[in-house]
Amino acid sequence: MDRIATFYEKNFKKLTGFIKEYTDGSYEVASDIVQMVFVRLLEMEKEGRTNFYEDDSLNFFYVYRASINTALKYQRAKKRIEKVSLEDIHFDAYIDQDY
């Protein structure tokens, strides 16, 4: 875990900057994605799956690629979400209902 934490502290801003390009320029979303990748790495390490290590440190390309893949999944999921304006919702239909 110490190696992952050290790698995170050293590379978080760089990875977030790269991933920001995949999130329509949103630093907040990019940082969330990078954090999700590191949480997953911690889970994998706990399970004994350490194929993301190269020699004694994390493989930057592996983490970079995992971050890109997560960002692309985010973009696909975002396209499936149907956005509705509040003006399009008729609240009167719900007010008189008994629950």
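Hi everyone, let's start at Asp24: this residue is exposed, because its relative accessible area is 60%, over the 50% cut-off. Keep in mind that we're looking at a predicted model. Asp24 sits in the loop between H1 and H2. What is the phi of Asp24? The value is near 55 degrees, so a positive phi in a residue that isn't glycine. For background, most residues other than glycine have a negative phi.

Now step back from the loop into H1, which covers residues 2-20. Does the length add up, or where does the number come from? With 19 residues at 1.5 Å a residue, H1 should span 27 Å, and its end C-alpha atoms are 26 Å apart, so the two agree. H1 also has a kink, about 60 degrees, centred on Asn11.

Asn11 turns up again among the buried residues of H1, together with Ile4, Phe7, Phe12, Leu15, Thr16 and Ile19. And what covers them? The cover includes helix H2 (27-46), helix H3 (60-80), and the strands E1 (53-54) and E2 (57-58).

Let me finish with H2 as the partner of H1. Their axes come within 9 Å and cross at roughly 145 degrees, and the crossing is right-handed. On the H1 side, the residues that meet H2 include Phe7, Tyr8, Phe12 and Leu15; on the H2 side, Ile33, Val34, Phe38 and Leu41 are among them. Sorted by type, the residues of this H1 and H2 contact come out as 13 nonpolar, three polar and four charged. Thanks, everyone!

Definitions and conventions: Residues numbered from 1 in each chain as written. Predicted model: local features only at pLDDT ≥ 70, side-chain atom pairs only at ≥ 80, totals over all residues. Heavy atoms only, no water. Helix = DSSP H or I, 4+ residues; strand = E, 2+ residues; numbered from the N terminus. Expected span 1.5 Å × (residues − 1). Bend = angle between axes of the 7 residues up to and from the residue. Buried < 20%, exposed > 50% of the residue type's maximum accessible area, 1.4 Å probe, protein only. Contact = heavy atoms within 4.5 Å. Axes fitted to C-alpha atoms, helices over the stretch in contact; angles between N-to-C directions. Left-handed = near helix turned anticlockwise from the far one by under 90°. Nonpolar A, V, L, I, M, F, W, Y, C, P; charged D, E, K, R; others polar.
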